[in-house]
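Good morning, colleagues. I would ask you to look at the structure on the screen while I speak.

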Amino acid sequence: MNVHITNIYGFIQDQDLKKKQNLYADAGHALSFKEMGIFNFDVSTDTESELSKRLDGIISSLQYNDLVFVQLPTGNGEHYDNLLINKIRAYNTKICVLLHEQIKYEYILNTVDLILPTNDEVYHYLMDNHFTNVFYKKNIHYEFDSNCSGFLSSDFYIKKYLIDVVDQLSQPVLDELDENVIHIGFGLHDKTGHYSVWVGTAMQSIIDHTDSRVCFHILHDDTLSNENKRKLRQVANRVGDNVEFYLISNEVLENVKNQMSRYTIGAMFRCMLPELLPHLEKIIYLDADVYVNRDIQDLWDVDVNECCLAAVKDEGTHDNSYSNILNKYTDFPKEKYFNSGLLVMNLKNIKAKGNLMDMVIGFLDENLESNLPDQDALNILFKDSTKLIDTTWNRFVSYLRYEEKEKPVMNDYVYHFAATFPVLYSECKVDIEYYKTMCRTPWSDYETGNQLLRSVESLNDRINQFEKMLPRLSESGVKHIFYGHETKLLKKLYEYITLSENDYRVLKIPDYSFEDILPCKSLGALKQEEGPIIIYVLCESDNNTAIKNLEELGFENGKDFFVVQRIMSFYYGGFA
C-alpha cells in the first residue's frame, strides 16, 4: 500500500492555509509519502473535460487500495474538491481528510474514511456537529492549538499524528484464532431499518472501554441494509477492530416465528453461533440494547472451561415477573434462572451436547407455553452447565433509574435496557451517556432528533392516559380491577389508589398465594360485572395476550382499561 498526501502550490490569497498544508506535506515527505501537487487557479476557466484531465494528472501515481491524505480546503472551491475526492475514491482507496478549517460543503466529509482536524477550532466544530469518522486513538488525547503554534505544529508530533493514522488503517485483518482477540456476537433483525443503531451503540460502548482488539460477529437476515452494514463496519474499523457478517436464511426460523411473540426473531440467531463459528472455542453474546461501561476483557477472562454458559441471574425473578416456564419446571430454582442478554458461550462444550438450534426448536415444540422462547430453552437445556457470574455484568436499567438518578457517575456495569428506551428527561446518568454515545455513531444525523422526539411523545402519551382516566375515576362507586401478577410495578400502583374490599385481580388461570394483597379471580369474572369498573392491565400478562383478551370481551383501551406501563413512571418500571 502506497501513501499519498496532497499539497497546494501557486499564488493563493490564504497564505496561512498554504503554510499549514506545506507543513504537513513536508512531514509526509519525511515519511516517504508520495505527493499530489495541487495548483491554485481559477477553476471556472476550465471546461469539465479539461478539469477532469487536470485531476487525472494529479492522481496519476495512484494505485488501487492506496491511502491518500487529502488536505482541505484546496483553495479551488467546492466543485474541485468534490471531484478530486470522487476520482481518488474510484481506485478503492482509503481517504483521510486533513481539515485545516471549516468548509461549507460538509457532505464531502461524510464520504471519507477519517477526518483529521489540525486545530482546536476544527476539532470542536466536528465534535459539535457529531461527525462520526473523526480520527480517534484509544488512550491518546490529541491537543490542538488554533494558532498552529502548539502541540501539532511540531514536526515530530505531526509525523506521529500521520503515522498513527497509517498504522490504524493498515492493520492486518484480525486473526480470529489469535487468543488475544475478543469475540463478540450480536443477532440483528432490522425490519424498520432503525434497529442497527442499537447494535452500533453497543459496539461503540465496548470499544470506548477496552484497549483489547475485538472481532464482532453479526448474525442477520435480509432485513439488514447495505447502508447499515457499512455503518456497522465504520464503527469497528475506526479503531482497527473487525466485524464479520453472517446471513441467516429466513427459512431456518420459520417454524418458531409464532412463539417469538413480542420478541424479535433476531434473538434466536444466537442459537446458531456454535455451528456458524466452528473455529472458535468461545464467544460473548450480547443483546443489542446494552451499554457496556467497563472493560469487556474482564468478561472474556471468565473461566468457562467446565461449563457451557456463563450468565447473570435474571433480575425479574425477584419481582414475581418470572417466566411462565418455571410454573411447569417446578424443580428449577428461580434463583438460578438467568437472563440470556449477556452470555459467555463455550462453543466447544455446547456442540458436544448437540446442535444448539435443533435442541432449542425441539424444546419450544414441546413447551408452547414458553413466553421467553430462547431464554427459557437455554435455561432448561443448560441448567446443570451454567455458571452464574456477578450481577454487575447485566443490570436492568429499569430497576436502576430511581436509585441512580442522583449519582454523579456511572457504575462499572453492563447496563441492559431490556427492550426499553433511553429516557432523556430522566436524572439517571446512563440515559444521557447512552444518548451521547449513540450521537457519536454513524446514525447520529437521524437519531439525535429521533430520540428527543420519542421522549417527548412518551411524556405526552402519559398525560393523555391520565386525561382519559379522569371521567371513569370520577364515577360513583367505581371498582378497581387489576389484570396480572402482583409485581413490584403493580404494588406501586396500589399505593396511589384507595383499595376497597371489592377490588381484585384477574388472570386466565388465577394464581393464589397467602402473600397476595388482592385476591385473584378468573378472567371470566369480568363478564359478571354490572357496575362501573376500571381495569389496570400489565401488558405482559397471560403471555402478552392481556390487551387482546380484554378487547375480545368488549372492553375499550383508554376508556374501560388502561395499560399500567403507560401511566406509571419509568422509575418504577413504566414505559420510557
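I shall go through a set of strands and then one helix pairing.

Please bear in mind that this is a predicted model.

Let us begin with strand β7, which covers residues 213-220. Is this strand mostly covered or mostly exposed? It is mostly covered, with 7 of its 8 residues buried.

Which strands pair with β7? One of them is strand β6, residues 181-188, and the two pair in the parallel sense over 8 bridges. To find this pairing on the screen, take G185, whose bridge partner in β7 is H217. Between these two strands the chain passes through helix α6, and the resulting β-α-β crossover, from β6 through α6 to β7, is right-handed. The other is strand β8, residues 242-247, which runs parallel to β7 and is joined to it by 6 bridges. Here a convenient pair to locate is I218 with its bridge partner F245 in β8.

Let us return to β6 and turn to strand β9. These two strands also pair in the parallel sense, over 2 bridges. In this pairing, I184 stands opposite I284 of β9.

Strand β9 itself comprises residues 282-286, and 5 of its 5 residues are buried. Which residues lie on each of its faces? On one side we find K282, I284 and L286, and on the other I283 and Y285. Both faces are covered, and the residues just named are all buried, the lysine K282 included.

Strand β9 has a further pairing, with strand β12, residues 338-346. In what sense do these two run, parallel or antiparallel? They run antiparallel, and 5 bridges join them. Within this pairing, L286 has L342 of β12 as its bridge partner.

I now come to the helices. Helix α6, the one in the crossover from β6 to β7, spans residues 196-208. It packs with helix α15, residues 429-438, at an angle of about 100°, and the axes are 9 Å apart. Angles of 65 to 115 degrees count as roughly perpendicular, and α6 and α15 are therefore roughly perpendicular to each other. Which residues make the contact? From α6 they are V197, W198, T201, Q204, S205 and D208, while α15 supplies Y434, T437 and M438. By type, the residues of this contact divide into 4 nonpolar, 4 polar and 1 charged.

To close, I would leave you with α6: this helix lies on the right-handed path from β6 to β7, and it also packs with α15. Thank you for your attention.

Definitions and conventions: Residues numbered from 1 in each chain as written. Predicted model: local features only at pLDDT ≥ 70, side-chain atom pairs only at ≥ 80, totals over all residues. Heavy atoms only, no water. Axes fitted to C-alpha atoms, helices over the stretch in contact; angles between N-to-C directions. Helix = DSSP H or I, 4+ residues; strand = E, 2+ residues; numbered from the N terminus. Parallel < 35°, antiparallel > 145°, perpendicular 65-115°, else oblique. Contact = heavy atoms within 4.5 Å. Nonpolar A, V, L, I, M, F, W, Y, C, P; charged D, E, K, R; others polar. Buried < 20%, exposed > 50% of the residue type's maximum accessible area, 1.4 Å probe, protein only. Pairing = 2+ DSSP bridges. Right-handed = clockwise from strand over helix to strand, strands pointing away.
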